[in-house]
Amino acid sequence: MADYDYDLGIIGGGAAGLTVASGAAQLGAKTLLVEKEAALGGDCLHYGCVPSKTLIKTAHVYHLMKNGPKFGLPAITPPEVDFRQVAARIQSVISVIQKHDSVARFCKLGAQVEFGNPVFTDEHAMQLGGKSISARAWVIATGSSATIPPIAGLATTPYLTNRDIFSLERLPATLIILGCGPISVEMAQAFCRLGSKVTVIQRSDQILSKEDRDMAEIVQQALEEEGVTFLLNTSVVRVADLGNEREVVVKNAAGVTTRLKGEAILVAMGRSPNVAGLGLEKIDVPFDQRGIAVNRSLRTSHRHIYAAGDVIGGYQFTHVAGYEGGVVLSKAIFHLPKKVDYSLVPWCTYTHPGLASIGLNEKRAQKAGIDYTVWSEEFSNNDRGLAEGESVGRIKLLLGRRGKPLGVQILGPQAGELLGEWVAVMNGGMSLSKIASAIHPYPTLGEINKRVVGSIFSKKIFSAPVRKGLKFFFGFRGPACK
Ligand SMILES: Cc1cc2nc3c(=O)[nH]c(=O)nc-3n(C[C@H](O)[C@H](O)[C@H](O)COP(=O)(O)OP(=O)(O)OC[C@H]3O[C@@H](n4cnc5c(N)ncnc54)[C@H](O)[C@@H]3O)c2cc1C
Ligand SMILES: NC(=O)c1ccc[n+]([C@@H]2O[C@H](COP(=O)([O-])OP(=O)(O)OC[C@H]3O[C@@H](n4cnc5c(N)ncnc54)[C@H](O)[C@@H]3O)[C@@H](O)[C@H]2O)c1
């Protein structure tokens, strides 16, 4: 066997790379982790999940401060937001979590961490800071960056992406967001709540286009009621820098052109894989604008070079990057016949109300030609929801022909947390009767899970045939009051 410097080399210290590095090192593989930034943690920690959820919480608190009367409290007008304070809180949360992703911790686990820009020189070796380093197997986990489409004028106009939005010096008075995926809607609501006037441009006719229309429309309505403006069926014609502000020229489906002016532009139009400069062309690892091509074992064109996380496209979530990291470990370290299975990937868009999902929604079921029935229950019937002032939203359960759950969407307060029960039920293949018969604490938002299942069973239990049978056996005499 050839003599390599390392058993496993990992490029990229984000969710995927860190999962592989910590697992491989703890299992005794001589492991190298290479990161191009000055710190480990990746987009999720520095420019993604952590800062966005911290910002969302701050914005929620400010929103509550302004909405006291809805809770029977006196009306107050809080002072304006100083975004430097908000950014400082974001940084303080990042720095606490950063300790879990420190070089010292990874060294203690047994992984060597190097910083720099590695370039493959052949399929087992790369050049890093003038050194040549080889490994028996490699994992490319370099993540993704905001896609910057070729919009006229964008290259010469200052704009923000997820790399800048959490460290602004001041709150923009007006913010124009291009694109309407999860980054856009989460930031639209947060900045609107903090006091920015927010306009979102979306070329299709629905926000959050991967979600079912009825659910996405409720999110849209909730955000509109708070002051966000959505321009749907609208494309961006060009942008320009006007000095103190930016201009965005848009065109709607009727061909009508409008000039919008804003202090800042946020580009949130999807993600592009971080593949530039790695020398992948040289070692014949194919990729396109969606990501590095891999098979279901996450192998690239070379059996010993794997890719995982955002850089392969697909489901671009931290928990999926972690899952894919686990699959790589099974293959590269244990040599098990493991393949990825994305049929039960959960996700949540953390607006208020949030929108969480697992399995099939109606759009995906229809696309796959799968028959289903829909069972739903509204948060307006949930006692805890009413007590919390959270009556907007619903749960939607899709059942297959034999009553098997195909998917669940929860739109409402704490949607991501409420989905946890369904993650267990669907992964465990549990029958729905288990949820229906389990005692859930009262009053909780989670009762909505039991209630939607209860509605399936109650239709069968409280039926004419059952009443007829009981009458036959026990002589029941029917309604006492008509
Ligand atoms: C604003 C925002 C909010 C998000 N919110 C959520 C959320 O709430 N929940 C969720 O699940 N997901 C969320 N995501 C998605 C999540 O951040 C990504 O799916 C996740 O970070 C992917 O992990 P990764 O390891 O593939 O990539 P990353 O975390 O980006 O890590 C890749 C690492 O590779 C490094 N790298 C890149 N190129 C090189 C190179 N040439 N050499 C060496 N190192 C390199 C990078 O510096 C980085 O550290 C959000 C994303 C954004 C932008
Ligand atoms: N809560 C979460 O889990 C969370 C939060 C934020 C981001 N993320 C992850 O990050 C990924 C990226 O988020 P995103 O919001 O940038 O991407 P996205 O791909 O989900 O949405 C991009 C939006 O931009 C629109 N768009 C793209 N090109 C356009 C163009 N030229 N003109 C007009 N519109 C255009 C698309 O129609 C789409 O609505 C998400 O898919 C998700 O995986 C997750």
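Reader: How do you know which domains ligand 2 lies between?

Author: Both domain 2 (154-269) and domain 3 (347-460) contribute residues to the shell around ligand 2, so the ligand lies between them. The domain bounds come from an automatic or database domain assignment. A residue is near the ligand if one of its heavy atoms lies within 4 Å of it.

This is a predicted model, in which local features need pLDDT of at least 70 and side-chain atom pairs pLDDT 80 or more, while totals for chains, interfaces and linings use all residues. Residues are numbered from 1 along each chain as its sequence is written, chains are lettered from A and ligands numbered from 1 in the order in which they are written, and side-chain values use heavy atoms, without hydrogens and water.

Reader: What makes Arg 394 and Asp 214 a salt bridge?

Author: A salt bridge requires a side-chain nitrogen of Lys or Arg within 4 Å of a carboxyl oxygen of Asp or Glu. The closest N and O atoms of Arg 394 and Asp 214 are 3.2 Å apart, so the pair meets the definition.

Reader: Why is Arg 394 called buried or exposed?

Author: Buried means under 20% relative accessible area, exposed over 50%, and partly exposed in between (1.4 Å probe, protein chains only). Arg 394 has 18% relative accessibility, so Arg 394 counts as buried. Its partner Asp 214, at 28%, counts as partly exposed.

Reader: How do you classify Lys 396 and Arg 401?

Author: Lys 396 has a relative accessible area of 2% and is therefore buried. Arg 401, at 76%, counts as exposed.
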